Amino acid sequence: MTHVGKKVLVVDDEDILRMLLTDTLEFEGFQVEEAEDGVEALGKIQSHPYDAILLDYMMPRMTGLELLEHLQPLKLTTPIIMLTAKAQQADQDLALAKGASYFVPKPFSPNELAELVKSLF
């Protein structure tokens with residue numbers, strides 16, 4: 001159980017999805033923080049280290065892709081899992097090129113996503 005206590009940031013503009021992911025990950029032993037858009041997430045990432053980030057692609061104020069661009073100069077080694085309804089290969093390639101580690105299309109199983117996050121540790 002090397003993942004217990006690891007800090008995960010869940011970034012999504014959908015309250016219900018954030019709550020579902022937070023509940024699922026906390027049940028698995030993760031410490032979870034939330035951000036409702038890229039602007040809020042950027043502030044948290046700049047002031048706290050995270051062990052993994054779950055990042056929505058499409059959000060108001062700052063998209064997941066824009067956040068990835070802002071994170072590039074920080075040279076983070078944190079795995080970033082991009083969550084999106086935009087499942088086109090071009091979108092996936094772009095997200096991975098900008099620093100996402102994994103690409104998970106919506107809808108997804110919260111339990112399967114939790115297993116992916118656990119596999120990172």
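Strands β1 (residues 7–11) and β3 (residues 52–56) are paired through four bridges and run in the parallel sense. The model in which this pairing is found is a predicted one. Within the pair, V11 has L55 of β3 as its bridge partner.

## The sheet

The two strands belong to an open sheet of five strands, whose pairing is parallel and whose order is β2-β1-β3-β4-β5. The edges are held by β2 (31–35) and β5 (102–105); each has a single partner strand, so one side of each is left without a neighbour in the sheet. On average, and with direction ignored, neighbouring strands of this sheet are turned by 20 degrees against each other.

Helix α1 (residues 15–27) lies across four strands of the sheet, namely β1, β2, β3 and β4 (80–84). Relative to β2, the helix α1 runs at about 170 degrees.

## The nonpolar cores

The largest nonpolar core has 21 residues, and the members that touch the most others are L9, V11, I45, I53, L55, L67 and M82. At least two residues of this core come from each of β1, α2 (38–47), β3, α3 (64–71) and β4. Helix α3 gives the largest share, four residues.

Which residues does L55 contact, leaving aside its neighbours within four places in sequence? The contacts of L55 are V11, G64, L67, L68, I80, I81, M82 and L83. The bridge partner V11 is thus also among the contacts of L55.

There is also a second, separate core, made up of 16 residues, with L17, L21, L25 and A114 among them.

## Two helices with a buried face

An α-helix has 3.6 residues a turn, so residues three or four places apart point the same way. Helices α3 and α5 (110–119) can be read with this in mind.

In α3, the buried residues are G64, L65, L67, L68 and L71. Viewed down the axis of α3, these residues fall within an arc of 160 degrees, so they line one face of the helix. The elements that cover them include α2, β3, β4 and α4 (89–97).

In α5, the buried residues are L113, A114, V117 and K118. They fall within an arc of 145 degrees when α5 is seen down its axis, so here too they line one face of the helix. Their packing partners are β1, α1, β3, β4 and β5. E112 and S119, on the other side of α5, are exposed.

## A buried aspartate after β1

D12 is placed in the loop between β1 and α1. Is D12 buried or exposed? Its relative accessibility is 0%, and D12 therefore counts as buried. Residues up to four places away in sequence aside, D12 touches L17, R18, A35, E36, D56, M59 and K106. A polar atom of the D12 side chain lies 2.8 Å from the backbone nitrogen of E14.

## Loop residues with particular backbone geometry

K106 and P107 are joined by a cis peptide bond, with omega at about -5 degrees. P107 itself is found in the loop between β5 and α5. P107 and D12 are 95 residues apart along the chain, and their C-alpha atoms are separated by 14 Å.

Two further loop residues, R61 and K75, have a positive phi although they are residues other than glycine. R61 is in the loop between β3 and α3, whereas K75 lies in the loop between α3 and β4. The table sets out the exposure of these three loop residues.

| Residue | Loop | Relative accessible area | State |
|---|---|---|---|
| R61 | R61: between β3 and α3 | R61: 63% | R61: exposed |
| K75 | K75: between α3 and β4 | K75: 69% | K75: exposed |
| P107 | P107: between β5 and α5 | P107: 83% | P107: exposed |

Why do R61, K75 and P107 count as exposed? A residue is called exposed when its relative accessible area is over 50%. R61 has 63% and is therefore exposed; K75 has 69%, and P107 has 83%. As for the backbone angles, phi is near 70 degrees in R61 and near 50 degrees in K75.

How values were computed:
Residues are numbered from 1 along each chain as its sequence is written. This is a predicted model: local features need pLDDT of at least 70, side-chain atom pairs count only at pLDDT 80 or more; totals for chains, interfaces and linings use all residues. Side-chain values use heavy atoms; hydrogens and water are left out. Two strands pair if DSSP finds at least two bridges between them. Axes are lines fitted to C-alpha atoms, for helices over the stretch in contact, and angles run from 0 to 180 degrees between N-to-C directions. Contact means heavy atoms within 4.5 Å. A nonpolar core is a set of buried Ala, Val, Leu, Ile, Met, Phe, Trp, Tyr and Cys residues joined through side-chain atoms within 4.5 Å. Buried means under 20% relative accessible area, exposed over 50%, partly exposed in between (1.4 Å probe, protein chains only). A polar contact is a pair of N or O atoms within 3.5 Å; within protein, one must be able to donate a hydrogen and the other to accept it, and residues adjacent in sequence count only if both atoms are side-chain atoms. The arc is that of the directions from the helix axis to the C-beta atoms.
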